[in-house]
Amino acid sequence: VGATFFSHFCGGVSTEELVPVIGRLRKNKIGTILDYAAEADVSSEAGARGAGGDKACDENARTLIGAIEACASTRVDGEHTFAAMKVTGLGAPELLE
């Protein structure tokens, strides 16, 4: 995937990679949305607790917080910045019902 369309649609995989891309796009009046979409393994076999379920959800939450912080750090002159998230990566789907 990385060798095909990843670089066309994705600015990078870390804040360090994203900041210069956001700057280049901003110069051309193009906005960005930092999107973190991940799924935690909280299936019935793993469960929301144990077998890495909580650990995976916590890691996804930390990464999402990092995306929000990256938005804040790249904000210029009162412009709006956006971070999109997929909440199913933050916990067991049953918790979202």
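Where in the structure do arginine 62 and glutamate 59 both lie, and how many residues apart are they? Keep that in mind; the tour reaches the answer at its third stop. The model is predicted.

**Start: the whole chain**

Show the protein chain as a cartoon. Three helices and two strands make up its elements. Starting from the N terminus, the order is α-α-β-α-β. Colour by burial next. Of the 97 residues in the protein chain, 21% are buried. Add the surface. About 7,100 Å² is exposed, and 58% of that comes from carbon and sulfur atoms. Now turn to the contacts with a separation of 6 or more. Residues 24 or more positions apart account for 56% of them.

**Stop 1: glycine 12**

Select glycine 12. This residue sits in the loop between helix H1 (2-9) and H2. Set aside the neighbours within four places in sequence. Glycine 12 is then in contact with Phe6, Glu17 and Leu18. Now draw a distance from glycine 12 to leucine 34. Their C-alpha atoms are 10.0 Å apart, with the two positions 22 residues apart along the chain.

**Stop 2: helix H2 and the loop after it**

Select residues 15-27, which are helix H2. The helix has 13 residues, and at 1.5 Å a residue these should span 18 Å. The C-alpha atoms at its ends are 18 Å apart, in agreement with that figure.

Show side chains. Leu18, Val21 and Ile22 are the buried residues of H2. Look down the axis of H2: its buried residues fall within an arc of 105 degrees, so they line one face of the helix. Leu18 is also one of the contacts of glycine 12.

Rotate to the other side of H2. Glu16, Arg24 and Lys27 are exposed there.

Move on to lysine 29, just after H2. The loop that holds lysine 29 runs between H2 and strand E1 (33-36). Check the backbone. Lysine 29 is not a glycine, yet its phi is positive, at about 60 degrees. Is lysine 29 buried or exposed? Its relative accessible area is 77%, so lysine 29 counts as exposed.

**Stop 3: helix H3**

Select helix H3 (residues 53-74), and show arginine 62 and glutamate 59 as sticks. Both residues lie in this helix, three residues apart, about one turn. An α-helix has 3.6 residues a turn, so residues three or four places apart point the same way.

Zoom in on the pair. Arginine 62 forms a salt bridge with glutamate 59, and the closest N and O atoms are 3.0 Å apart. A search of the whole structure finds one salt bridge. Glutamate 59 is partly exposed, with a relative accessible area of 40%.

**Stop 4: isoleucine 33**

Select isoleucine 33. This residue belongs to strand E1. Which residues does isoleucine 33 contact, leaving aside its neighbours within four places in sequence? They are Phe82 and Ala84. Add alanine 83 to the selection. Isoleucine 33 and alanine 83 are 50 residues apart in sequence, but 5.5 Å apart in space, C-alpha to C-alpha. Then check the surface. Isoleucine 33 has a relative accessible area of 57%, so the residue is classed as exposed.

**Last stop: a nonpolar patch**

Select Met85, Val87, Leu90, Leu95 and Leu96. Together these residues form a nonpolar patch on the surface. Their combined accessible area is about 470 Å².

Finish on leucine 95. The segment after strand E2 (82-85) contains this residue. Leucine 95 is exposed, with a relative accessible area of 67%.

Methods:
Residues numbered from 1 in each chain as written. Predicted model: local features only at pLDDT ≥ 70, side-chain atom pairs only at ≥ 80, totals over all residues. Heavy atoms only, no water. Patch = residues over 30% accessible without salt bridge, like charges linked within 9 Å, V, L, I, M, F, W, Y side chains within 5 Å. Areas by Shrake-Rupley, 256 points an atom, 1.4 Å probe, with all protein chains shown as cover. Salt bridge = Lys/Arg side-chain N within 4 Å of Asp/Glu carboxyl O. Helix = DSSP H or I, 4+ residues; strand = E, 2+ residues; numbered from the N terminus. Buried < 20%, exposed > 50% of the residue type's maximum accessible area, 1.4 Å probe, protein only. Expected span 1.5 Å × (residues − 1). Arc of directions from axis to C-beta. Contact = heavy atoms within 4.5 Å.
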